[in-house]
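Reader: I'd like a close look at one part of this model, the spot where the ligand sits. Could you walk me through what surrounds it and how far to trust the picture?

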Amino acid sequence: MHQVMRHHYHFSLFILLLAVFSACREESASPPESPNSLMREQPAPAAKVSDPLPLPKTGEGSFENLVADFESKDRGIWQKPNMVISLLGDLEGKTVADIGAGTGYFTFRMVPKAKKVIGIDIDQRFIDFMDSVKVRLDVRYRDRFETRLAKADDPLLRPEEADAVVLVNTYGYIKNRGQYLKTLWKGMAPGGRLLIIDFKKNNLPIGPPDEFKVSLSQAERELLSSGFSIDRVDQDALDYQYIILAEKP
Ligand SMILES: C[S@@+](CC[C@H](N)C(=O)[O-])C[C@H]1O[C@@H](n2cnc3c(N)ncnc32)[C@H](O)[C@@H]1O
């Protein structure tokens, strides 16, 4: 098999295992976690299943390296995906849009919980990557997931389509955010929740350089001036990222 295809296959398998494992965890759902237990969230199960899989040795910034970065073995420790998703509340019967979904790190973890999860990205490679995993999802979940190739200035949601929107490590990449938020607003149902998680400033060991980050206070200002209310702000729950939970009133 061609080297690149073999890498692609390995990472598709990696994500598949991650999704299936996450789905299994949902099947045996335990009582809600306390804030303290959330702080001790263990590494994502995928870290264990990925151990025998080879990491790509291709050049910096290659697609394979982006995938390896987004799905890195250590991410579960600092990203606390279960705690993050729990901030959205009960997703049963709800449609969730994961904007800037990338490999679907959050998208696939939400699929077992929601009526539908839309993995949205502007990069066709990530859409293809997510689709390659989608076809391998358990048939019970397959219909709950779709990908959508969006435009840089428009997530292409239908009017009031999303009950919840997730933007993780993506807000800073969006240009003209004021206008973007107004467009996003139209795609959200009244009462819809918007969860933004992005890297704190101060040149952290993880995440982009500071000049590519949007500060928490700036993000708050942009949300408020676009008509969103802010329900919760947290700079402590995650080591490297702040959390904003906003709402379309
Ligand atoms: C750093 S990655 C984060 C991926 C994923 N949310 C995660 O946390 O693993 C940022 C993603 O946002 C996408 N992106 C950048 N600008 C975007 C835009 N205007 N609309 C939608 N997606 C965008 C990129 O293609 C990339 O997949």
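Author: Sure, let's start with the site itself. The ligand takes up the space of the largest pocket. Keep in mind that this is a predicted model, so every distance here is computed from predicted coordinates.

Around the ligand you'll find 18 residues, and the closest are Arg-75, Gly-100, Asp-121, Ala-152 and Val-168. Sorted by class, that shell holds 11 nonpolar, 4 polar and 3 charged residues.

Now for the polar contacts. Two of those closest residues, Gly-100 and Ala-152, come in through their backbones. A polar backbone atom of Gly-100 is 2.7 Å from a nitrogen atom of the ligand, and a polar backbone atom of Ala-152 is 3.0 Å from a ligand nitrogen atom. Thr-170 uses its side chain instead: a polar atom there lies 3.4 Å from an oxygen atom of the ligand. As for how covered the ligand is, taken alone it exposes 600 Å², and the protein buries 91% of that.

How far to trust it? The protein averages a pLDDT of 82, and 76% of the residues score at least 70. Two stretches call for caution. Over residues 19–40 the pLDDT stays under 50, and the model gives that stretch 19 contacts beyond four places in sequence. Over residues 42–59 the pLDDT is also below 50, with 31 contacts in the model beyond near neighbours in sequence.

Note on methods
Residues numbered from 1 in each chain as written. Predicted model: local features only at pLDDT ≥ 70, side-chain atom pairs only at ≥ 80, totals over all residues. Heavy atoms only, no water. Near = heavy atom within 4 Å. Polar contact = N/O pair within 3.5 Å; in protein donor to acceptor, adjacent residues only side chain to side chain. Areas by Shrake-Rupley, 256 points an atom, 1.4 Å probe, with all protein chains shown as cover. 1 Å grid on protein atoms, 1.4 Å probe; cavity = no way out; pocket = protein on both sides within 12 Å on 5 of 7 lines; lining within 4 Å. Sits in = over half its atoms within 2 Å of the grid points. Nonpolar A, V, L, I, M, F, W, Y, C, P; charged D, E, K, R; others polar. pLDDT = per-residue confidence, 0-100. Contact = heavy atoms within 4.5 Å.
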